[in-house]
Amino acid sequence: MFKRILILLYFFYVIPIYAQDYGSGDSSNSFDILASGGYSMMTINGDPYTGYNAFFKLFFPLGSGLYFGIGSRYESMTSTASSSSAIKNASNHQNSFTYQSIQAGLDLAYKISFSDVDFQINPYAYYAFSNTWMRNTTMNNSTISSTGPVTFNLVYGVGGSLLFKFEPFYIGPSAYYSWGYISSDAYSDNFGNAYFANAGFYTFTNYNLTLGFYL
């Protein structure tokens, strides 16, 4: 905990110095801090998930509207799935899935600035270092619970933001489309049923409201 506090204090010390030395005060070549959150939709193993997400991004200007940044994202989604992804031979059962991940990685951006609004295109690549992928199957008044131990989860995608300026603040809508590759080891549920290791691609979409400021 103490190390995390020191890291936060370091960022809050370095950011104003960087902005003073390199920032222009104009959003076309500014240091940007953006936070966003909103609605998420995902498809994994053919099952639709819905939930919410939150982003936090820091962008450093490279010139000519180009930016390099670091970012993080939290995703939390659930699915009430059909029998296609669980016990096919059972009747009168209900499957539910939970997906949660904490991701961090690198961002690039290209920003077009106007007097009252900025438009930003933002490709990114994140690695999920904390993951929960859990399934519950309720059948005959019994619940079978299992959690797949995720060994790898890489996410990459592109987003777009329309940011209205109220100097020095931003507010506006954002949308992100992401591809992911996830793998998990073999595991067992609380009834002793064994499941094979699994891996594959998935996609998800975020519709967010973004807040931020530029220095």
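How many nonpolar, polar and charged residues does the lining of the largest cavity have? Here are my notes on that, and on Ser-40, keeping in mind that this is a predicted model.

1. To take the question straight away: the lining has 4 nonpolar, 5 polar and 1 charged residues. The residues that line this cavity are Leu-34, Ala-35, Ser-36, Phe-55, Lys-57, Gln-120, Ser-161, Ser-174, Tyr-176 and Thr-210.

2. On the space itself, a search of the whole structure turns up 1 cavity of 30 Å³ or more. The largest cavity holds about 40 Å³.

3. As for who builds the wall, at least two lining residues come from each of E1, strand E2 (47-63) and strand E8 (169-184). E1 gives the most, with 3 residues.

4. E1 is also where you'll find Ser-40: that strand covers residues 32-44. Buried or exposed, then, is Ser-40? Ser-40 is buried, because its relative accessible area is 0%, and the cut-off for buried is under 20%.

5. The Ser-40 side chain has polar partners worth a look in your viewer. One is the side chain of Asn-53, joined to that of Ser-40 by a polar contact of 3.0 Å. Another is the side chain of Asn-206, where the polar contact with Ser-40 is 2.8 Å.

6. Both asparagines turn up again in the wider contact list. Setting aside neighbours within four places in sequence, Ser-40 touches Tyr-49, Thr-50, Gly-51, Tyr-52 and Asn-53, among others. The list also includes Glu-75, Met-77, Thr-205 and Asn-206.

Key:
Residues are numbered from 1 along each chain as its sequence is written. This is a predicted model: local features need pLDDT of at least 70, side-chain atom pairs count only at pLDDT 80 or more; totals for chains, interfaces and linings use all residues. Side-chain values use heavy atoms; hydrogens and water are left out. Helices (H or I, at least four residues) and strands (E, at least two) are DSSP runs, numbered from the N terminus. Buried means under 20% relative accessible area, exposed over 50%, partly exposed in between (1.4 Å probe, protein chains only). A polar contact is a pair of N or O atoms within 3.5 Å; within protein, one must be able to donate a hydrogen and the other to accept it, and residues adjacent in sequence count only if both atoms are side-chain atoms. Contact means heavy atoms within 4.5 Å. On a 1 Å grid over the protein atoms alone, a cavity is a set of points where a 1.4 Å probe fits but cannot get out, and a pocket is an open set with protein on both sides within 12 Å along at least five of seven lines; lining residues have an atom within 4 Å of a point. Grid points are joined across faces, edges and corners, and a volume is the space filled by probe spheres set on the points. Ala, Val, Leu, Ile, Met, Phe, Trp, Tyr, Cys and Pro count as nonpolar, Asp, Glu, Lys and Arg as charged, and the others, Gly among them, as polar.
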